[in-house]
Amino acid sequence: MAMVEGVEPLEDRLTVEDLVNMQRLFQPSESSDEKARMERVEFVAQCCAVIGKGSVVEYGQLFDSVDVSSEGYVDWDRLSSFFLQGLREKDHASAPAVPRWSPEGTLPMLHRKAIHSLTYLPSTGRYFSLGKDATLAVWEDKHLKLLHTHRLTNHFIKPRDLWVTGMVVMPNVHKIAVSCVSKEVCFYNLLSKPEYSLQYKLHGLHHPPISLHYWYDPKRPERAVLSFGDVGGQVSAVCFRSALISLFEHPSAAAGVEQDSTINISWIELQQNRHHCCYTLTHASHNGHLVRTVRFLSSLEAFVSCSSSDKNSLVLARKESKSRPLTISVFNSKEGISDLDYHPGLNLIATAGVNNQVCLWDPRIVSKPVGILRGHMTSVVAVQFMVEKKQLISFSKDKVLKVWDVASERCIQRISGIFPKIQGCKTLLFFHEERSRLFLTFDSSLLVLELKTELELESGRRVMNRESAVTCVLYNSLFRQVISSDASSAVTCWLMDTGQKFRQFSRCHGNAEISAMALDVTQTRLFTAGMDGVVKVWDFNGHCHHILNAGRGQNVKISQILLLKGTVLVVGWERMITVFRLNSFSQYVVAPSEWKGGVQHRDDILCAAFIPDQTLVTGSRDGEIIVWNNSTENALRKLTIHTRHQDLKFKSDSSLSKASTSNDRQSSVSTVYKLPSSALKREEASKSYGITKFAFLEGRKGVASAGGADLVSCGGSGVVSFWNSRNAHLVAEFVAHDNSGSITLTVDCRGRYLATADMEGGVKVWDIQFYCIHPSETVTKQAPPLLSSLRPHVDRVTHLETCFHGDSLFLLSASVDCSLALSFLPGHTIGIFGKTAHWSLERAEEDLMEKEESTREKKETEECTGVQHKPVGPRSPESLEDPGHCVVEKDDDEEQTDTQQPHITCNSDAVQGWVLEEAHGLPMIDRKRLYANRALNSSIGVFTKLRLPELTPVGELTKPDLITNPHLCFETKRESSIPTLPPFPKPRESSKTAFGKKSLFPGEVLEQVDRLLGNQTNGERVGVVKNYGKFIPRTLGRSRDTGTSWSFTGRKNSSGLFRKRVLFLSEPRVFTVGWVFICLFIY
């Protein structure tokens, strides 16, 4: 509906009372039960007189917006559907965006103890993490690279006894404040040398502080507040007046204190206001329960804190003035609160409840929370707002993270299974708004999730238009829009000129997938078929006019809807055609009528096609094709993919018997249907001949009577067949997509282009303008000229549609990869519907014409210069087997279009292509064999230009002359004798002498040793020798005496033995250390 700039639309200005008055205008009279209708003039006059909030022009525009089918009247059902659809679109436009996180990453474990604090310092661009053992880790913010670690020290406490409980950064003064178990708060200077020197120490607290918070005024940085809560249930705050000058007052130099040493500040001194640069505030409203979290809310001038007690769980202490005490407001939560956070824009406090609930509190209402977010199964341990997105993150004890939309109070995302399963660990949650990073700590481990920005989602790849596979696509020439349906039961209208989403109808069939769509002749009614077994009739205001009970109350798979004059045919789940007569559409729920032709197929009917002059063709799962007379609903001829019978005998029509007999006699062609060798191998393995799609070649008038082809079909083997429906024989067949399973096709209205698509997202366009227009005695095996080969998708193409928009011919393709693509026919993909950057068809056409012109000029130039140029047009069969190759030439430096980028599909839809294929009973293909035995030219990814053709077979190699004629290349070998080894030397006579102590040592030495040892036994002698042997290395070689003598020195012990040492004086040329040890061994 058009509106004046700056003026709100009429439907937005109408109130509930105005709508009630408008409904009364359509109330039926007492004498009639029929619904009241109004024409345009009456509707405008009545509304202006009764409601009077708009002009005549505005009410006229409202009537035209409701009466999109130009029927000339409106009723209350259509009008109310229009209003409800407008509200639904507003809700959909304002729906929260679901966060998309990058894969999780775990930072190196540097802390030996649990991490107690994690924060960010904007001035330095650094992350700080502090462990329980006072180990401080500093991380770089861009790539999260560890810069260094530092162990904080306290000169008054041993490092092993220093346990910390929390940390906050103080950006305006370049310090960090650390709370300790020793009832202290230490202030470390970040700019000092050495680093992190202890500057202030606040001691004398009543209880150990466990939670810290720091705030400063950006406009007046000298004003700051440090608040902390302790284990005794007390909340304290230090309010700084001149933080930029000094946090606390320094003692005078005369007091004997060094200027660079740590300044000790007593808590009692602060409470007695001895420091004029700051003052303190305290309250103990938590009744002795430890304070989990504390925050200072600058907008409210209040302190908010929480505890695990069911009484006084949440305390809000307002700071009226310095002289007056704090004003306390108490909020009670069952079983207590573990954590809290505050959103200044929404003025809401979020609390993590021990009772598995996340509560939203208004600071002005203490009686009950304004919102309760339910869904966690265990206690919630942490919460934090995403301020810009107005969303809330919560984390529970069972390692489940949830993202909530605060406005609607519903969960929009749930993440689990990626967090470490550590029971009873300390968990912290920190979301950095500027970098869109979410940090989670589990004791000493640190996990990071990074939120993807819109720029990252758009750059380098396509954005998914929806979360479900696109099942069908149509073009509405009346509204110049593209209509698509998906597996989530939604129907979406797109603007053809820009690719922008115009309107969407959600849950058209509840939770059932929409499997087929069709438009009526006027293109004002849309027929949708769902997996719930019903067909619904809609207008484009979202109003359902009729429900066709095709499945008779059962959930069945409807594969196609065919709208004919006076009837609606539905096929897909049984062997018989389901028909609905238009004369029975007076009721809202329409029951099917009986098909006069009865059951003729031996398997379920999958597709159908109609051409004027009452010719109807149906194809079944077993490959059987039957030609019907739509007027009489009788079968005329039957074609099977196994045989070539011209006519078959039918029980329902006795006249077919004679025609079949005469045709069989005239036919000289074998009745065995032969596929190509490659297709025959696949058929023998899969035993599937299902017909998936039909199309009549409408532009060929009189070709069928002359013996040419007027019908084209495709199936589950990648084979395309051309038939003559009048004479019931096969004219041509070829393999369009080799090594492919189920394929689909479409033909333009003039019968010039044939488009086929496969399981891998590839689309081929063939020139069939002059293909099989003349009769032939044999079946044509040659494929038509291939004009282009595209890959607009990365998964199975579910539906193809051609359309004229303006003066150009386009191709629409839908896929299970959640995308809907638009391409020029015969080639060049324009883009994907639903992208943030919209296209312009006029500009796209100009660019295509310029590219074709430059290609043509380049070709002419190369022909003139004698350079051989690759022809554009029909190619060899080898080139036709490459689905990744495109005949439309592109420059090497041409930028890749975004349609060649891969998708990130949802898990639930990534397999829907295979599910749909199995539903049709078509053969499953092996993806590992897709590129076996053929050239590879992937149009996706980095190696777009890379082509890996087959290797040329190498013939038998000839042996070189050095192998065949070695005598010509080498001299005659000389005979060489084996050299003899020299004889071994003869052993000396002395070696035969007996080996003993007498032959090794002089006699005087032996006598002297015997005198010293006396009458000791052999064992005692060995012991003495061992003791003496310990000192031998110390005495060898130290004597200056060049003679040869032995002497023993030392003192006698109680046993009369020498124990001190043994001194050997020897000549090195005669004795060595080895001989000495031999001597010791003998004794």
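Where is the place of P194? In this predicted model, P194 sits in the loop between β10 (184-189) and β11 (197-203). The peptide bond leading into P194 from K193 is cis, with omega near 5 degrees. A cis bond also turns up from L825 to P826, this one with omega near 20 degrees. P826 belongs to the loop between β58 (820-824) and β59 (829-832).

Stepping back to the whole chain, the protein has 1083 residues, and 51% of them count as buried. The secondary structure comes to 21 helices and 61 strands. Taking contacts between residues at least 6 apart in sequence, 51% link residues at least 24 apart. The exposed surface adds up to about 55,400 Å², with carbon and sulfur atoms supplying 52% of that area.

Next, a helix pair. Helix α2 (residues 16-25) and helix α3 (residues 40-50) have axes that come within 11 Å and cross at roughly 135 degrees. That angle makes α2 oblique to α3, and the handedness of the crossing is right-handed. On the α2 side the contact is made by N21, M22 and L25, and on the α3 side by Q46, C47 and V50. By residue class, this contact of α2 with α3 splits into four nonpolar, two polar and no charged residues.

Backbone phi angles give a couple of other spots to look at. N273 is not a glycine, yet its phi is positive, at about 60 degrees. N273 is placed in the loop between α6 (267-271) and β16. With a relative accessible area of 39%, N273 is partly exposed, because that class runs between the 20% and 50% cut-offs. D613, likewise a residue other than glycine, has a positive phi, near 85 degrees. The loop between β44 (605-611) and β45 (615-620) is where D613 lies. D613 has 65% relative accessibility, so it counts as exposed.

Strand β16, at one end of the N273 loop, spans residues 278-283 and includes T280. Is T280 buried or exposed? Its relative accessible area is 16%, so T280 is buried, the cut-off being under 20%. Setting aside neighbours within four places in sequence, T280 is in contact with A237, V238, W267, L270 and Q271. As for S227, its C-alpha atom is separated from that of T280 by 9.4 Å, with the two positions 53 residues apart along the chain.

Terms used: Residues are numbered from 1 along each chain as its sequence is written. This is a predicted model: local features need pLDDT of at least 70, side-chain atom pairs count only at pLDDT 80 or more; totals for chains, interfaces and linings use all residues. Side-chain values use heavy atoms; hydrogens and water are left out. Axes are lines fitted to C-alpha atoms, for helices over the stretch in contact, and angles run from 0 to 180 degrees between N-to-C directions. Helices (H or I, at least four residues) and strands (E, at least two) are DSSP runs, numbered from the N terminus. Angles under 35 degrees count as roughly parallel, over 145 as roughly antiparallel, 65 to 115 as roughly perpendicular and the rest as oblique. A crossing is left-handed if the near helix is turned anticlockwise from the far one by less than a right angle, and right-handed if clockwise. Contact means heavy atoms within 4.5 Å. Ala, Val, Leu, Ile, Met, Phe, Trp, Tyr, Cys and Pro count as nonpolar, Asp, Glu, Lys and Arg as charged, and the others, Gly among them, as polar. Buried means under 20% relative accessible area, exposed over 50%, partly exposed in between (1.4 Å probe, protein chains only). Accessible areas come from the Shrake-Rupley method with a 1.4 Å probe; for residues, only the protein chains shown count as cover.
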